[in-house]
Amino acid sequence: MSNFKWLVILAIVGTAGWLIYQSDNEVSHAIKQYVDSGEILTLEARYTPDQIVQNNAKKLLDDKRTVLDPTLKFYPYLLMDVKYTTADKKTREGVLIWGMVDGEIVLNTENWETTHGYTDCIEAQANRNDYKIVQTLESNNGSLSHAELLEKLHVEPGTLDQWLNSAASKHLIAQQGNHYYLHFQSPKICITPQTKISQPLVTKPYNHAGRVAKQFSRSQIEKSAIAAFGSDFTIRSSKEIFLPVYNIDIQNPDGSILSTYWNSLNGQRIYPKY
């Protein structure tokens, strides 16, 4: 094949690749994330691995166990600057931190208290009506009859039935006789959409191997937030931040490895969900 033909083929392939890169935002974003090698915005660590091991020596160590070199992982979260209204119809402004790995909202960075149930709602692509059903049930001890739901939601019976069927088909609620109940264990969904942040944000260099893969995208989280918190809720801006997490491996006498994960902000252990 002549050199001219090779140049034509290379030009066509290069042009097609550029058009795909420009037209597909997800692909473009993924490539930028891969080639970018700068800094990331993280919550500032307050504990070192040595401090964590010393504070938990009785649980982690004995005379025959060995602590291996710790590694640092960065867990992605979406930080949203939001506006919302309270029950007394007053506007409030704040920030909301939402996990892009576990799908839950961080309520307080001091103790890392989180919600429970938003992961299921995101995965089920819950809409505003699904959230209304879930939130109403949670606010009433997790269970209400059909008549009680009609009274609290102020909708027509046919409309309520559509909402109930939708939430049930997404496995967010279940029915027992004439009563409907939440299909979550220990739900925590009815919250004020604001995170209490007690640690500063700092920029840090990173290498790509240290970042944990996201399970939920920015668009999934923003869509779920708008559905959960209603028409008066507004996301003014959003950006990704990271939580530094230590992976501390403990070698047992038989050579097996116990992998443990620790929140660098509060020194508490993180238990993976299986």
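1. Let's start with a pair of residues: I97 stands opposite V106 in strand 5. This is a predicted model, so local features need pLDDT of at least 70 and side-chain atom pairs count only at pLDDT 80 or more, while totals for chains, interfaces and linings use all residues. Residues are numbered from 1 along each chain as its sequence is written, and side-chain values use heavy atoms, with hydrogens and water left out.

2. Back to that pair. I97 belongs to strand 4 (residues 91–99), which runs antiparallel to strand 5 (residues 105–108) over two bridges. Strands here are DSSP runs of E, at least two residues long; helices are runs of H or I, at least four long, and both are numbered from the N terminus. Two strands pair if DSSP finds at least two bridges between them. Strand 4 and strand 5 make a hairpin with five residues in between, and G103 in the turn has a positive phi of about 75°.

3. Now follow V106 to its other partner. V106 also stands opposite T114 in strand 6. Strand 5 and strand 6 (residues 113–114) pair in the antiparallel sense, again with two bridges. This hairpin has four residues between its strands, and W112 in the turn shows a positive phi of about 55°.

4. What is the strand order in the open sheet of three strands? The order is 7-9-8, with antiparallel pairing. The edges are strand 7 (143–145) and strand 8 (173–176), each of which pairs on one side only. Strand 9 (residues 179–182) meets strand 8 over four bridges and strand 7 over three, antiparallel too.

5. You can trace the rungs between strand 8 and strand 9 yourself. I173 faces L182, and A174 stands opposite Y181. The two strands form a hairpin with two residues between them, where G177 in the turn has a positive phi of about 65°.

6. Which residues of strand 9 are on its covered face, and which on its uncovered one? Y180 and L182 sit on the covered face, H179 and Y181 on the uncovered one. In a regular strand the side chains alternate between the two faces of the sheet. Helix 6 packs on this sheet and touches strand 7, strand 8 and strand 9. (Touching, or contact, means heavy atoms within 4.5 Å.)

7. S145 is worth a click. This residue lies in strand 7, and its bridge partner in strand 9 is H179. Is S145 buried or exposed? S145 counts as buried because its relative accessibility is 9%. The cut-offs are under 20% relative accessible area for buried, over 50% for exposed and partly exposed in between, with a 1.4 Å probe and protein chains only. Skipping neighbours within four places in sequence, S145 is in contact with N178 and H179.

8. On to the pockets. A pocket is an open set of points on a 1 Å grid over the protein atoms alone where a 1.4 Å probe fits, with protein on both sides within 12 Å along at least five of seven lines; lining residues have an atom within 4 Å of a point. Volume is the space filled by probe spheres set on the points, which are joined across faces, edges and corners. The largest pocket holds about 620 Å³ of space. Its lining has 22 residues, and D102, I270, Y271, P272 and K273 lie nearest the centre. Two or more lining residues each come from strand 3 (71–85), strand 11 (234–251), strand 12 (257–263) and strand 13 (269–270).

9. The second largest pocket has about 480 Å³ of space. It is lined by 18 residues, with T85, R128, A228, F229 and G230 nearest its centre. Strand 3, helix 6 (128–138) and helix 9 (218–229) are the elements that give two or more residues to this lining.

10. Finally, zoom out to the whole protein chain. How many helices and strands does the chain have? There are nine helices and 13 strands. The chain has 274 residues, of which 37% count as buried. Among contacts with a separation of 6 or more, 67% join residues 24 or more positions apart.

Technical notes. Axes fitted to C-alpha atoms, helices over the stretch in contact; angles between N-to-C directions.
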